[in-house]
Amino acid sequence: MSAGSDAPAHFDLNLVRAFVAIYETRSVTQAAERLGLTQPTVSHALSRLRDLYGDRLFARGAQGLTPSVVAERLYEQLNVALSTIEGTLEGRQGFDAATSSRRFRFATSDIGALFFIPPVLRRLQSIAPRLQTEFVQLSETVVNDLATGALDFALGNLPNLHEHSREALLFTERYVCLLSGDYPLPRGGLRLEEFVRARHVMVSSPVSGHALIESALSQRGVRRNVVALVPQFSVLPSLVEGSDLVVALPERVARLFAKDRRLQIAEIPVALPGFEVRVHWHARSESSAAHRWLRDELIQTLSKL
């Protein structure tokens, strides 16, 4: 890279913020919206960054701006640096939730989005109306995204994160069956033979812990008749209502789905272990007053659900 000997004199924190925003949104326009700046201002910042590092940094692609090898390496360093600097400023100036416009990024599954987003946003809108939040779908890069600061928090049943993050318990949960209100449920509930014979829908998610139910059933010698695999939980109410399909899912979400549809809930006729829903964050975030504040709010708000 040919940054030049005078690069530090021309490098400021706003350039770091612009770079991180462009990298994460893959768009100058969206980066400008996130930062509350005009698009020409962010474009100018990108031009300065290209001059400083002697690299194009981003090229236009089918999915937006594609980072170069240099940009990938810079992001790992600059995002951590930005979080550290902002954390020191918070420590000196304090964090005022009522006036802060800081932005936080959460990852959760689609079922988590249905369950977590409404109460979190209601709470934040009442006590921190200028705070910015972005919820994204969980992906296989969640561990690295927490480590680099691309994510602030991950929410859900995420056993693969235990060894890679700090965490706090929100609540314990268990699985139940969700069926159509027309399903001929036997008196006393589903029997094991009926459960095994029934036509099941299963959600295939590579990053959440919901695949564990299949493992738990297999360990108990129970094999379901799975007739459909779907990528998201949000489609389940429409599939199950008015059909003979059965789906196993967390009880809180089953009750949420059954509230406004002709659906019913039944016990799974197999003793299955419960699971824990947690909030995860990276250790380096613990020095941030803003992070600590939001973490406490998440725990207080979601543990009551």
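Rings of Phe, Tyr and Trp, the last taken by its six-membered ring, are treated as a pair if their centres lie within 6.5 Å. On that basis, a search of the whole structure, which is a predicted model, finds nine aromatic pairs.

**Aromatic pairs**

A pair of aromatic rings is described by the distance of the centres and the angle of the planes. Two of the pairs are set out here with both values.

| Pair | Centre to centre | Angle between planes | Arrangement |
|---|---|---|---|
| Phe 95 and Trp 293 | 5.6 Å | 55 degrees | tilted |
| Phe 115 and Phe 171 | 6.1 Å | 75 degrees | edge-to-face |

Phe 95 belongs to the loop between α5 (69–93) and β3, whereas Trp 293 belongs to helix α12 (residues 289–302), so this tilted pair ties together parts of the chain that are 198 residues apart in sequence. Is Phe 95 buried or partly exposed? Its relative accessibility is 22%, and because buried means under 20% and exposed means over 50%, Phe 95 counts as partly exposed.

In the edge-to-face pair, Phe 115 is contributed by helix α6 and Phe 171 by strand β6, so the contact ties together parts that are 56 residues apart in sequence. Phe 115 and Phe 171 are both buried. Phe 171 has a charged neighbour as well, since Arg 252 lies over the face of its ring, at 4.1 Å from the ring centre.

Elsewhere, Phe 19, Tyr 23, Phe 58 and Tyr 75 make up one aromatic cluster. Tyr 23, a member of this cluster, also carries the charged end of Arg 26 over its ring, 4.5 Å from the ring centre.

**The sheet**

Strand β6, which holds Phe 171, is part of an open sheet of five strands whose order is β4-β3-β5-β12-β6, with mixed pairing. The edges of this sheet are formed by β4 (132–137) and β6 (166–173), each of which pairs on one side only. On average, and with direction ignored, neighbouring strands of the sheet are turned by 25 degrees against each other.

**Strand β3 and its partners**

Within the sheet, β3 stands between β4 and β5. Its pairing with β4 is in the parallel sense and runs over six bridges, and one of the partnerships joins Thr 108 to Gln 137 in β4. Between these two strands the chain passes through helix α6 (residues 110–127), and the resulting β-α-β crossover from β3 to β4 is right-handed. Helix α6 is also the element that holds Phe 115 of the edge-to-face pair.

Towards β5, strand β3 (residues 103–108) again pairs in the parallel sense, here with residues 153–156 and over two bridges. Ala 107 stands opposite Ala 154 in β5, and the bridge partner of Phe 106 in β5 is Phe 153.

How many of the six residues of β3 are buried? Six of the six are, so the strand is largely enclosed by the rest of the structure. Arg 103, Arg 105 and Ala 107 point one way from the strand, while Phe 104, Phe 106 and Thr 108 point the other way, and both sets are buried, the two arginines included.

**A position in helix α5**

Thr 84 is found in helix α5, and its relative accessibility of 47% places it among residues that count as partly exposed. From Thr 84 to Ala 198 the separation is 114 residues in sequence and 54 Å in space, C-alpha to C-alpha.

Note on methods. Residues are numbered from 1 along each chain as its sequence is written. This is a predicted model: local features need pLDDT of at least 70, side-chain atom pairs count only at pLDDT 80 or more; totals for chains, interfaces and linings use all residues. Side-chain values use heavy atoms; hydrogens and water are left out. Two strands pair if DSSP finds at least two bridges between them. Helices (H or I, at least four residues) and strands (E, at least two) are DSSP runs, numbered from the N terminus. Axes are lines fitted to C-alpha atoms, for helices over the stretch in contact, and angles run from 0 to 180 degrees between N-to-C directions. Buried means under 20% relative accessible area, exposed over 50%, partly exposed in between (1.4 Å probe, protein chains only). A crossover is right-handed if, with the strands pointing away from the viewer, the path from the first strand over the helix to the second runs clockwise. Rings of Phe, Tyr and Trp (its six-membered ring) pair if their centres lie within 6.5 Å; planes under 30 degrees apart count as stacked, over 60 as edge-to-face and the rest as tilted. A charge sits over a ring if NZ of Lys or CZ of Arg is within 6 Å of the ring centre and within 35 degrees of the ring normal.
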